[in-house]
Amino acid sequence: MNAGSMAEIWVYLSAQPLLWLTLTLAAYLLAVAAHRKAGGHPAANPVLISVGIMVVVLQVNETPYQRYFDGAQFVHFLLGPATVALAIPLHGQLKRLVAMGGPLLVALVVGSLVAGLSAYCIGALLGASAPTLASLAPKSVTTPIAMGIAERLGGLASLTAVFVILTGIFGAIFADGLLRRLGVKDEASIGFALGLASHGIGTARAFQLSEQTGAFAALAMGLNGLLTALTLPWLLPLLAPLIKP
Amino acid sequence: MTGVMLHVGRLADEAWPIAIALVASTVLGLAATGLTLHWLTRRRAGQ
C-alpha cells in the first residue's frame, strides 16, 4: 500500500464520526495498559496519557477540535450517567458516611475554603490579573460547576476548564504520596481529600486505590461543588483589595 | 484543549503566578482536607 492510498483511506476515515470515538477509547485503553505496566504508579495517570495521545493525533492531522468533539461526544454524554453511578459505591458506605457526618462536614468546609481562597490569594499576591484569578478560584470543582462559577465571578470559563484539568491531574499524581508523608493513611481521609481537591480525576484515582477510597472521593467531589458554588461568589469580592490595579 | 488555544497569550504572560497558585493551592487543599478529617476521626475514636 503506497502513501497516496494511505492518505485516501485517512481522508475517508476522518470524515466518519465514529473514528474519533474509536480513537479516544483506544487511546484510553492504551493509557490504562501503560498504567498497569508501570505497576499502577500515579505518575502514569491514564487521563494524562490519553489526553497527551489525543493532542498529538489531532495536531499531526490538523483536525479542528469541533470536528473531533462531534465524533467523540458520546464519551461526553456518558459523563452524566457515570456521575450518577457514583451513588452505588456511596450507598455501599452509607453507614460509615453517616457515622462520620460531623468530621466530614468540618473537613469539607475547611478544605473547600482553603482550596478556593488559597488559589485566589496566592495568584493575587504574585500579580495575576482579575480574570485569571476568577478563573483560578473554582479549579478544585468538577468542570461544569467550575465553569459556571467562573462566569459568575467575571472569569473565563474555557480558561477555568484548563485549570480544572491541570488540578485534577496534579492531585491524582501527587495526593496519595503527599498525604501519606503527612501521616494521613486511612482510606476515608485520602479519598475525601482527593475528591475535594481534584474532583473527577482525583475520584478516578481514588477508585484505583480502593472502592472505599473512591466512595469518599465521590462524596467530597459532589459536596465541594455545591459548597463552592454557594460560598465563592460572596467570599471573593471581600478579597478584591488584594488584586493589583 | 479549547481553553489552551483560546488563552495561550494569557497563559504565557501569567505562567508563573498561575503555575505556583495551582500547585500550592492544590497541595494546601489536599493537606487541609486530609489532615482535618484524619485528626477529627482519630480524636473521635480516642474518646
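Start by selecting Phe77(A): at 52% relative accessibility, it counts as exposed, because the cut-off for that label is over 50%. Keep in mind as you click around that this is a predicted model. Phe77(A) sits in helix α4 of chain A, which covers residues 65-85. Now add Phe74(A) and Leu78(A) to your selection. Together with Phe77(A), they make a nonpolar patch on the surface, and the three share about 310 Å² of accessible area.

Next stop: helix α9 of chain A, residues 143-153. Which of its residues are buried? Pick out Ala146(A), Ile149(A) and Ala150(A). Turn your view so that you look down the axis of α9(A): the buried residues fall within an arc of 100°, so they line one face of the helix. Then check the other side of α9(A), where you'll find Pro144(A), Glu151(A) and Arg152(A) exposed.

What do the buried residues of α9(A) pack against? Show α8 (130-136), α10 (157-181) and α12 (211-239) of chain A, and you have the partners. Before leaving, step just past the end of α9(A) to Gly154(A), which takes a positive phi of about 90°.

One of those partners, α10, is worth a visit of its own. Select Thr167(A), which is found in this helix of chain A. Is Thr167(A) buried or exposed? Its relative accessible area is 1%, so Thr167(A) is buried. Leaving aside residues up to four places away in sequence, Thr167(A) touches Lys139(A), Ser140(A), Ala197(A), Ser198(A) and His199(A), plus Leu22(B) and Thr26(B) from chain B.

Now for the nonpolar cores. In soluble globular proteins, nonpolar side chains tend to be buried together. The largest nonpolar core here has 14 residues. To see the ones with the most contacts inside it, select Leu97(A), Met100(A), Leu104(A), Phe192(A), Phe216(A), Leu219(A) and Leu37(B). Colour α7 (101-125), α11 (187-209) and α12 of chain A, since each of them supplies at least two residues of this core. The largest share, 4 residues, comes from α12(A).

Zoom in on Leu37(B), the chain B name in that selection. What does Leu37(B) touch? Not counting residues up to four places away in sequence, its contacts are Met100(A), Pro103(A), Leu104(A), Ala107(A), Ala188(A), Ser189(A) and Phe192(A).

For your last stop, look for a second, separate core of 10 residues. Val184(A), Ile190(A), Leu194(A) and Ala217(A) are among them.

Note on methods:
Residues numbered from 1 in each chain as written. Chains lettered and ligands numbered in written order. Predicted model: local features only at pLDDT ≥ 70, side-chain atom pairs only at ≥ 80, totals over all residues. Heavy atoms only, no water. Patch = residues over 30% accessible without salt bridge, like charges linked within 9 Å, V, L, I, M, F, W, Y side chains within 5 Å. Areas by Shrake-Rupley, 256 points an atom, 1.4 Å probe, with all protein chains shown as cover. Salt bridge = Lys/Arg side-chain N within 4 Å of Asp/Glu carboxyl O. Buried < 20%, exposed > 50% of the residue type's maximum accessible area, 1.4 Å probe, protein only. Arc of directions from axis to C-beta. Contact = heavy atoms within 4.5 Å. Core = buried A, V, L, I, M, F, W, Y, C linked by side-chain atoms within 4.5 Å.
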